[in-house]
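Here is a short briefing to read alongside the model. Take a moment with the structure first, then come back for the details.

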Amino acid sequence: MKVYFGRAMTSTYRIAEISLGNATIDCSYEFSYRDKTFEVQRFGANFSIGYLKDLIVNLRNSVDAFAISDLPGIMRIQDRSYVHRQYLEVMSTPSSVPFCDGSQLKELSVVNALSRLVESGEIQPDKGVFFPLSLFHLESLDFLQENYRHYLGIGDSYSVFGIPWLAKPGAMTTSIAQMLLHLVSLRDLRSQTPRAQSIVKQMTKTALLAQAQRYHYVFSDSAPLTLFGDDLHFIHGKEVIVTYSHFLDKEVKKFGPKSIISLFPKSLQFHPYISYPVLDATLRLAEGKTAPLSITEWQDLLSITPEFGQRTKRRVLGSRPSRQYRMTSLFEKAKSRVIKTPPPDFAFIVHPLSKHHLLKAPGVRWLKEMPNSWLDGFEKMAAKAPGFVYGHIKHIVSKKTNREVNGVIYGIMSTPKMMMSEDPEVIYRRIESLCDHAGDLGAKIMGLGAYTKVIGDSGETISRNSPIPVTTGNSLSASATLWAVYDVVGRMKILDYVPGTKRYDGTATVIGATGSIGKVSAKLLSLAFKKVCLVAPRMDRLLDLQEEIRKISPECEIVVSTNSNDFASESDVLVTATSSLDQKVVEVDLLKPGCVVCDCSRPLDFTAEDSAKRPDILIIESGEVILPGPVKMTCDLGLPDDSVYACLGETALLALEERYEPFTLGRNIDWQKVRQIYKMAQAHGVKLAAIRGHTGFISDREIELTKQLALSRRHKA
Amino acid sequence: MKEARILVSGATGFLGHHVVERLKGFGQVTLLSRSANNAMRADLSQWNGQLEPQDLKGKFDIFLHMAGLYNLRINELEGLKQNVMTTHSALAIAQKAEIPHFIHVSTVAVVVGLDTLYARPDDVKPVFRFPDWYAHSKMLAEHMVRYWDDGPKSKTILRLGVLVGDTDKGKILRIDGPYHAAEGIKQIQGLIESFPTAFPLPGNKRTRIPLVPVNKAGWAISQICKHVKQENWEGTKYLYLAPNRGVGAEELFTSTFRHLGIKKEFSLVERVPRSLLESVAEKLAHLPREEVSYLLDLPPLDLTETQKILGVDWCPEFSEYESIFWKGYDQYVSNR
């Protein structure tokens, strides 16, 4: 079963059609296309952009696509494209599912259908065409005015501003339209809703409709026509041209139009009421795409002839961004600078994991070309610098509660080497000042990344002096480790799973077993493997741990050693969780073919060269998770795509749970808490990031090849 | 006749308790709730209420939709979320679960300001000014029920009067509607008593507030469920749930003065600019300005259809339960 953003994906796709228009005409329907069922629900936002955005936020975890309708999106006047500021605002609402507005599809389809009907004589524009709201039909207006400019009437001045002026298309109306698009707010349209039907408005409407009497055709979809309420009598005996059918056509028919002509392509009319945005969403989902289909694909679907296709293609693709668009973009940029971002829910501290990471900082890339000693000097100098806001992580949305949290990420420029060589007190003060800053910003919990939690007493002193609770994030790091190991061992299928004992018949070794993550990993692995080997530098601590694990897992064989190479040749799984800086923790040549190595150490214990040397073992880096929601990060954590460190994941999870407490602190982490955070992660929709090795993601094929190679080497041995 | 199977939303509210209690004697009742233990888990602010409506096919005869937010001071967003979105989900569930009858509990607030002699049950004329977002959102929800395509075969919209405590103990859960008058007058009691002339209060002699004791409303809704199942009709029907006469502003204020022991005359005022009247009422007596609209602009209601189903005297008039009304208010105040 495919899982798609937390919701079980079945053969039924859900499309939420979010309309800016009236909420009173909501509906729900289903249809089938290419053996898939599509469930569509229309939600009217009643001209409230706030509610429209709220609907998106509320439904984004439940649907597969949003079809945004009745929102004037990208409009083209002459060869310029205009985009409404509030349209941009809506489209920038965070969502992990695509927004489909069907605008290109509508342009191609409507102009295609209209030209065919005009050519065949079924529509005779010289009898007069009245557009009550041409804003929604600019492509048709553009097409018709090439030959029938004098036969067209435009009622937008009334529909938008209440001025009963029936205009003709031309240079003047174009200029006015361009000007209006700079000024008009979508909310203005609500002045025409029943809520605002004052006597003056009624009178001006009557005046406009009297002027519209002489036109034979009324070009408008049914929904905007209902804005005229009981005054729709002017359509009596006229032909109404709609771009798509709507169940409100029934209401329109009550006023006795001669006919209703739909321009919707019959071959794609999967349901009588399907709209262009819904069709756009349907086709994208059916094709498994998130981006719109290409113009050529549309043309094929609409059976548009090549000659006509060239014409419409030119029109659709030929326009340039207008000055208004550029102004809108500038306005949005300025707005984002002036308006402060909402206070973060949590904060997290990262730092460069090696001196080479320092080169990612802007302005110092030139050091790459310089002698190594220059970089060493820079490393020492940078370590003295105070912390700073490195970036933000936004829109983490819980699958369970739909609660959204945002975080701020701080950076300190110390590399692990510098941090370990410096007095912990100095580092503490630096981190504490960041905690103060985060508290001032409104963050309610702080997470310590990488070595900031290794130094000194693993966050305990920092937590005592911090105004907000602090967590090291080690609980989820440990949990994610076993999660990754389990996943890969299961996919390798070398080890036998014994259902009676619920364990793999194999040996797991933990190097750095008495450390924070190592200890919990050892306890958890003892529940999943027949034998567990513990390696750490101090025997007394190892023996304590051995006793502890025997109580938890009496059926598991536990052996200990201070030499990491002792168990290398018999380990099916090897977890390293050390904080070793330069020395090699285990010789890669000694490892058993088919061994799954989980490198939880930072910096890593294994290198890319190790991977290349032993293609029959699988070295994975652990700890990465994918947070739920349309997560956006404004800084580079050195991880692929949307994945984040598990310790950051824990901080975010605690914020989602609103558990602002020092969940994990100190060297000893509570393995019950590890289980607890795992359950939390499952509930909120946190996923294990794709398994990553030194050279990128590990595919199923790579796992299979490693397995085959390992089996052949074992056979030879 | 087979026992009716009724799916109920909003069953945990003030009205919901009374309705469910009475429905139990007549059919199998299944409640929808986000948190109640004895209910089917559903959240109507989500897609299909987070249910799989297909699984409910053929299991229910009636969807009684009472969920929503009753608060005259809600903003636009709250109104749309709590009253419009929940109705959308309820209708979607009813459609997909093929529930043939849909009963929607609305409010008389949707006809406030209607400038006709009588508000007919199906009056849905667009009103140019709604007193509040509550009334506006309820109007939108009503229209949604009316226009919802391909849904339940019968849709009944009940426009409920102003709910007050029951006729046994007068118990209430919060101060709203006519209780606001008592709260407001109590605040300015000193001013009223020292006022040199009769004290001016907003109101007129025409408007009558349709007060409905909650237990009577519960009974009426349960009877309508029964009627809908029996008649098995198709289409959309509107009914007012209100007393024949209702209480006038004069009667309500007289009763309030008597209860509070204020021995002073008052006079009803309406011929001053509306905004001034509302502002003074709000600033001075903390009487919500929305309530003033109800005191002045609620038209008489056409109850013919309702009486055919529930009888003529199903709802007692205020004078019949006045003492219980105040007893419930006093009890609420003393426990506050």
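Helices here are DSSP runs of H or I with at least four residues, strands are runs of E with at least two, and both are numbered from the N terminus. Counted that way, chain A has 24 helices and 33 strands. Please keep in mind that this is a predicted model.

**The two chains at a glance**

- Chain A holds 717 residues, and 58% of them are buried.
- The accessible surface of chain A is about 29,800 Å², with 54% of that belonging to carbon and sulfur atoms.
- In chain A, 68% of the contacts between residues at least 6 apart in sequence join residues at least 24 apart.
- Chain B contains 11 helices and 13 strands, and 59% of its 336 residues count as buried.
- For chain B, the accessible surface comes to about 14,100 Å², of which carbon and sulfur atoms account for 48%.
- Among chain B contacts between residues at least 6 apart in sequence, 80% join residues at least 24 apart.

**Nonpolar cores**

- As general background, nonpolar side chains in soluble globular proteins tend to be buried together.
- The largest nonpolar core has 67 residues, and the members that touch the most other members are A:I18, A:L59, A:F66 and B:F63.
- Both chains feed this core: at least two residues each come from β3 (12-19), α1 (49-59), β6 (65-69) and α2 (85-91) of chain A, and from α2 (76-96), α3 (133-147) and β11 (235-241) of chain B.
- The element that gives the most to this core is α2(B), with 8 residues.
- A second, separate core is made of 55 residues, including A:F38, A:C100, A:I123 and A:L285.
- If you would like one residue to click on, try B:F63: leaving aside neighbours within four places in sequence, its contacts are B:L7, B:S9, B:L32, B:A90, B:I93, B:A94, B:I99, B:H101, B:F102 and B:I103.

**A nonpolar patch on the surface**

- On the outside, B:L191, B:V272, B:L276, B:V280 and B:L284 make a nonpolar surface patch of about 380 Å².
- Helix α8 (residues 274-285) of chain B supplies the largest share of the patch, 3 residues.
- One of the patch residues, B:V280, lies in helix α8 of chain B.
- B:V280 has a relative accessible area of 43% and so counts as partly exposed, because partly exposed covers values between 20% and 50%.

**Salt bridges**

- As a general point, side chains of opposite charge can pair when their charged atoms come close.
- Over all chains, the count is 36 salt bridges.
- A:R60 and A:E404 meet through their side chains in one salt bridge, at 2.8 Å from N to O.
- That pair ties together parts 344 residues apart in sequence, because A:R60 sits in the loop between α1 and β6 of chain A, whereas A:E404 sits in strand β18 (residues 404-411) of chain A.
- A:R60 is buried at 1% relative accessibility, while A:E404 is partly exposed at 27%.
- Another salt bridge joins A:K531 and A:E570, with the closest N and O atoms 2.9 Å apart.
- This pair also links distant parts of the chain, 39 residues apart: A:K531 is in strand β23 (residues 529-535) of chain A, and A:E570 is in the loop between β24 (557-561) and β25 (573-576) of chain A.
- A:K531 is buried, with a relative accessible area of 16%, whereas A:E570 is partly exposed at 28%.
- In chain B, B:K308 and B:E305 form a salt bridge whose closest N and O atoms are 3.1 Å apart.
- Both B:K308 and B:E305 lie in helix α10 (residues 304-310) of chain B, 3 residues apart, or about one turn of the helix.
- B:K308 is exposed at 60% relative accessibility, and B:E305 is partly exposed at 27%.
- Salt bridges with shared partners also join A:R14, A:E39 and B:K96 into one network.

**Cysteines**

- The disulfide count is 0 over all chains.
- Two cysteines worth a look are A:C27, buried with a relative accessible area of 6%, and B:C225, buried at 0% relative accessibility.

Technical notes
Residues are numbered from 1 along each chain as its sequence is written. Chains are lettered from A and ligands numbered from 1 in the order in which they are written. This is a predicted model: local features need pLDDT of at least 70, side-chain atom pairs count only at pLDDT 80 or more; totals for chains, interfaces and linings use all residues. Side-chain values use heavy atoms; hydrogens and water are left out. A nonpolar core is a set of buried Ala, Val, Leu, Ile, Met, Phe, Trp, Tyr and Cys residues joined through side-chain atoms within 4.5 Å. Buried means under 20% relative accessible area, exposed over 50%, partly exposed in between (1.4 Å probe, protein chains only). Contact means heavy atoms within 4.5 Å. Patches are made of residues with over 30% relative accessible area and no salt bridge: like charges are joined within 9 Å, nonpolar side chains (Val, Leu, Ile, Met, Phe, Trp, Tyr) within 5 Å. Accessible areas come from the Shrake-Rupley method with a 1.4 Å probe; for residues, only the protein chains shown count as cover. A salt bridge is a side-chain nitrogen of Lys or Arg within 4 Å of a carboxyl oxygen of Asp or Glu. A disulfide is a pair of cysteine sulfur atoms within 2.5 Å.
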